[in-house]
Amino acid sequence: MATANASGPTAGRIVELDPSLIHPGGLRDRFEVSDAEIEKLAESLLKAGQRVPILVRPHPGRPGEYEIVAGRRRLVACRLAGINVRAEIQDLDDAALVMGQAIENIAREDLTYIERAKLAARMVDEAGLDEKDIDTAFSCGKTDRSRYLKIGRSIPDDILSFVGKAPGVGRPRWEKLVVQMAADDAALPRMRVALAAANVEAIGLDNPDARFSRLYEAAFRSEASSKPTETKPPAGHEIWVPSHDKPVGTIKRTGSGIQVTLSDAPKPGFLDWLAENGEMLVVQMLREYEAHRFVEDISDAVNSKQEDE
């Protein structure tokens with residue numbers, strides 16, 4: 001097997017490299033890796049060897065050295081074990097590096113939902129990739145891509161640093177938390193107060209799921225007030241339809257339900273027709289929602305099984 005020389009081996013080969021020649025690269029995709037996990041992997045590499053090579057690219061500013069694309073845990077474990085690391089060298093530009101990292105880790109690593117969501121947001125916002133690249137990297141469609149981006153962009157880094165990768169928390173609860181943060185301006189401040197208190201107490205918060213639950217409960221907690229305050233009702237989301245250059249109405253959540261207001265008819269006579277057929281539309285939307293939930297439940301079950309494995 002080839003060993004790195006002063007100028008480095010050529011791309012497209014699998015070689016043995018000194019781990020000290022490999023530097024961080026791409027985007028951060030995992031929140032935390034325990035020492036015990038690395039020690040177990042290092043022990044396995046010493047006994048059975050490294051079967052799957054890591055992926056690196058030549059370092060753009062250090063001749064003969066490299067940047068890691070995929071396989072960070074194996075690299076750290078090889079360092080701990082004091083052995084060379086098997087690596088595949090590929091010539092990749094910055095965009096290809098990020099795509100390679102995402103595809104490799106989504107396929108091989110047990111990234112949790114929030115890790116995937118944050119990685120998706122960083123791929124677009126930090127690496128400048130097109131949003132459609134997420135579909136390729138994550139093997140997902142437009143709906144899942146939108147969820148990844150919304151959640152990944154909405155949860156602040158200080159909250160994520162505290163919670164960690166939270167393997168027991170799936171998309172539904174992250175999504176509910178994001179919705180609550182958007183609906184209640186005080187939710188995030190309450191979460192940060194709970195975070196500060198938890199850092200002081202550090203009781204019963206020895207795992208990411210417990211830390212998430214602490215902040216989740218704070219986000220939904222109603223603060224008692226001695227003086228009632230007037231709250232301005234939410235303006236709601238604008239309703240846009242094709243061929244119109246302005247919104248035709250709004251839809252918003254109220255204390256008693258959902259309120260849809262149409263200020264302009266998309267087509268002549270539409271408002272009269274809607275008034276007569278509203279019940280039929282609700283039944284149709286309910287059926288679409290049930291079909292949507294069926295697909296989501298299957299997806300969540302598959303993801304949970306993969307995480308358990």
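The expected span of a helix is 1.5 Å times one less than its number of residues. The legends below apply this rule to two helices of a predicted model.

**View 1. Helix α6 and its buried residues in the predicted model.** Helix α6 has 13 residues, and 18 Å separate its first C-alpha from its last. This is close to the 18 Å expected at 1.5 Å a residue. The buried residues of α6 are R145, R147, Y148, L149, I151 and G152. An α-helix has 3.6 residues a turn, so residues three or four places apart point the same way.

**View 2. Helix α10 and the cap at its N-terminal end.** Helix α10 covers residues 208-219, and its 12 residues should span 16 Å at 1.5 Å a residue. The end C-alpha atoms are 17 Å apart, which agrees with that expectation. N207 caps the N-terminal end of the helix, with a side-chain oxygen 3.1 Å from the backbone nitrogen of D209. Within α10, P208, A210, R211, F212, L215, Y216, A218 and A219 are buried.

**View 3. The largest nonpolar core, with L177 and its contacts.** This core contains 45 residues. Those touching the most other members are M123, F138, I155, W174 and L177. Helix α4, residues 113-125, gives the most to this core, with seven residues. Leaving out residues up to four places away in sequence, L177 touches I155, M191, F212, Y216, A219 and F220. Among these partners, F212, Y216 and A219 are also listed with the buried residues of α10. A second, separate core has 17 residues, including A42, Y66, I68 and V85. In soluble globular proteins, nonpolar side chains tend to be buried together.

**View 4. The open sheet of five strands and helix α2.** The strand order is β1-β5-β3-β4-β2, and the pairing is mixed. The edge positions are taken by β1 (14-17) and β2 (22-23). Each edge strand has a single partner strand, so one side of each is left without a neighbour in the sheet. Strand β2 runs parallel to β4 (residues 66-70), and two bridges join them. In one of the positions shown, H23 has E67 of β4 as its bridge partner. Helix α2, residues 72-81, packs on the sheet and touches β2, β3 (54-58), β4 and β5 (85-89). The direction of α2 makes about 125° with that of β4. Strands of a sheet pair through backbone hydrogen bonds, either parallel or antiparallel.

**View 5. G25 in the loop that follows β2.** The loop holding G25 lies between β2 and α1 (35-48). G25 counts as buried because its relative accessibility is 9%, where the cut-off is under 20%. Not counting residues up to four places away in sequence, G25 touches E67, I68, R72, L97 and Q101. One of these, E67, is the bridge partner of H23. The C-alpha atoms of G25 and V56 are separated by 8.7 Å, and the two residues are 31 residues apart along the chain.

**View 6. S139 and A166, two residues with positive phi that are not glycines.** S139 has a phi of about 50° and is found in the loop between α5 (132-138) and α6 (142-154). With a relative accessibility of 69%, S139 counts as exposed. A166 has a phi of about 45° and lies in the loop between α7 (157-163) and α8 (171-183). A166 is buried, with a relative accessible area of 0%.

**View 7. R190 and A196 in helix α9.** Helix α9 comprises residues 187-201 and includes R190. At 10% relative accessibility, R190 counts as buried. The side chains of R190 and D184 are joined by a polar contact of 2.8 Å. A196 also lies in α9 and is partly exposed, with a relative accessible area of 41%. Its C-alpha atom is separated by 9.8 Å from that of F162, a residue 34 residues apart along the chain.

**View 8. The whole chain, for orientation.** The chain has 11 helices and eight strands. Of its 309 residues, 36% are buried. Among contacts with a separation of 6 or more, 66% are between residues 24 or more positions apart.

How values were computed. Residues are numbered from 1 along each chain as its sequence is written. This is a predicted model: local features need pLDDT of at least 70, side-chain atom pairs count only at pLDDT 80 or more; totals for chains, interfaces and linings use all residues. Side-chain values use heavy atoms; hydrogens and water are left out. A nonpolar core is a set of buried Ala, Val, Leu, Ile, Met, Phe, Trp, Tyr and Cys residues joined through side-chain atoms within 4.5 Å. Buried means under 20% relative accessible area, exposed over 50%, partly exposed in between (1.4 Å probe, protein chains only). Helices (H or I, at least four residues) and strands (E, at least two) are DSSP runs, numbered from the N terminus. Contact means heavy atoms within 4.5 Å. A polar contact is a pair of N or O atoms within 3.5 Å; within protein, one must be able to donate a hydrogen and the other to accept it, and residues adjacent in sequence count only if both atoms are side-chain atoms. Two strands pair if DSSP finds at least two bridges between them. Axes are lines fitted to C-alpha atoms, for helices over the stretch in contact, and angles run from 0 to 180 degrees between N-to-C directions.
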